[in-house]
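Please examine the surroundings of the bound molecules in the entry below. The account that follows proceeds through them step by step.

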Amino acid sequence: MYVLGVETSCDETSAAVVAEGPQVLSNVVASQADLHARWGGVVPEVASRKHVERFWPVVREALDAAGISLRDVTGIAVTNRPGLIGALAVGVAGAKALGYALRVPVVGVHHLLAHLDAAFLCNPDLRYPFLGLLVSGGHTQLILCEDAETRRIIGSTRDDAAGECLDKCARVLGLPYPGGPHIERLASRGDSSRIAFPRAWLEETCDFSFSGLKTAVLRFMQKDGGATPLEDVSAALQEAVVDVLVAKTMRAARETKVSRLVVAGGVAANRALAAAMARASEEVHLDLTIPPPALCTDNAAMVALSGMRRVQRGENDMPFLDAFASDPLGRRLPTSA
Ligand code: KG4
Ligand code: ZN
């Protein structure tokens with residue numbers, strides 16, 4: 001079985017081929033970051049147009065890299081929610097066209113669940129239940145994954161996502177979009193103890209808030225006038241984000257009494273976060289899985305895997321498969337016992 005995955009929910013055009021196992025045979029990602037850099041964020045209409053241009057070359061490259069032809073494809077899994085509606089529509093239309101032409105099933109995949117499913121690509125021994133921290137440019141959520149179908153939201157950001165906060169602060173620091181990797185690079189050479197940025201603890205909850213931190217960084221930069229090296233500002237900012245992510249995740253793990261933790265999404269590519277999460281997990285004997293960076297940021301391999309089970313069951317969302325900008329996951333649970 002070969003599942004072709006397609007991902008176009010934001011500014012990455014990606015296609016991948018995943019076989020049973022699961023085995024990633026190819027995972028091609030064409031980033032548009034350079035295109036959006038001068039705007040300091042993703043311009044939806046520009047992203048959609050670029051997806052139109054790149055869809056077919058990226059699919060072709062993924063098939064070639066996997067050493068298979070279109071005729072070998074058993075089914076197609078495409079991100080159809082949530083995301084930029086125009087960008088999603090391009091991937092969905094492309095996947096449906098291929099599905100019709102090849103007479104194979106096409107299934108729609110939830111982007112956030114695909115991020116969590118990426119953990120199964122690097123840890124085939126992973127079992128339910130587990131706690132997932134999904135930390136990306138658009139989302140910061142703690143999700144109790146009870147089984148493949150049942151997920152409960154334990155905590156969410158009340159304002160900015162962690163990645164969004166890093167991206168906005170990076171802009172204030174004069175760094176290109178997306179800011180997360182640049183902050184990480186500078187932070188690795190900086191001294192975090194020179195600035196005490198605030199942490200929003202939101203006591204008695206597993207919720208997050210990052211907008212105060214963003215404002216604090218902006219105020220600091222306005223007052224500082226460039227006197228403090230950007231390395232130190234980045235280190236202090238990164239530490240503030242990591243501290244809260246780790247503390248809230250550990251709180252949620254205690255409350256849900258899970259023994260397994262998955263950290264996924266673009267910000268999970270951050271090595272300082274991975275190291276801090278590993279230390280904290282070890283202390284309380286949590287079995288931690290963080291996918292490698294290429295499977296943390298947006299990619300189609302996670303989408304192919306996420307849709308594979310449904311393709312195996314013979315399910316098919318054709319002909320009514322559609323794209324949806326929003327689709328919140330699960331129900332909220334009271335967080336304190
Ligand atoms: O999952 P993703 O690729 O797209 C969304 O679904 O949002 O996440 C993108 C986010 C951006 O905010 C980016 O700055 C952040 O992930 N990011 C990082 C790193 N790599 C990507 N943040 C911190 N450190 C990194 N190494
Ligand atoms: Zn994503």
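In classifying residues, Ala, Val, Leu, Ile, Met, Phe, Trp, Tyr, Cys and Pro count as nonpolar, Asp, Glu, Lys and Arg as charged, and the others, Gly among them, as polar. On that basis, the shell around ligand 1 divides into six nonpolar, twelve polar and three charged residues. This is a predicted model, in which local features need pLDDT of at least 70, side-chain atom pairs count only at pLDDT 80 or more, and totals for chains, interfaces and linings use all residues. Residues are numbered from 1 along each chain as its sequence is written, chains are lettered from A and ligands numbered from 1 in the order in which they are written, and side-chain values use heavy atoms, with hydrogens and water left out.

Ligand 1 is surrounded by 21 residues (a heavy atom within 4 Å); the closest are Gly137, Asp167, Glu184, Gly266 and Asp298. Among the polar contacts (pairs of N or O atoms within 3.5 Å), a side-chain N or O atom of Glu184 lies 2.7 Å from a nitrogen atom of ligand 1. Oxygen atoms of the ligand are found 2.8 Å from a backbone N or O atom of Gly137 and 3.0 Å from a polar backbone atom of Asp298. The protein covers 89% of the 550 Å² of accessible area that ligand 1 has on its own (Shrake-Rupley method, 1.4 Å probe).

Helices are DSSP runs of H or I with at least four residues, numbered from the N terminus. H6 gives the most to the shell around ligand 1, with four residues.

Asp298 also coordinates the zinc ion (ligand 2) through OD, together with NE2 of His111 and of His115, at 2.0 to 2.1 Å (donors are N, O and S atoms within 2.8 Å of the metal, or 3.2 Å for Na, K and Ca). Both histidines, His111 and His115, belong to helix H4 and stand four residues apart, about one turn of the helix.

Technical notes:
A polar contact is a pair of N or O atoms within 3.5 Å; within protein, one must be able to donate a hydrogen and the other to accept it, and residues adjacent in sequence count only if both atoms are side-chain atoms. Helices (H or I, at least four residues) and strands (E, at least two) are DSSP runs, numbered from the N terminus.
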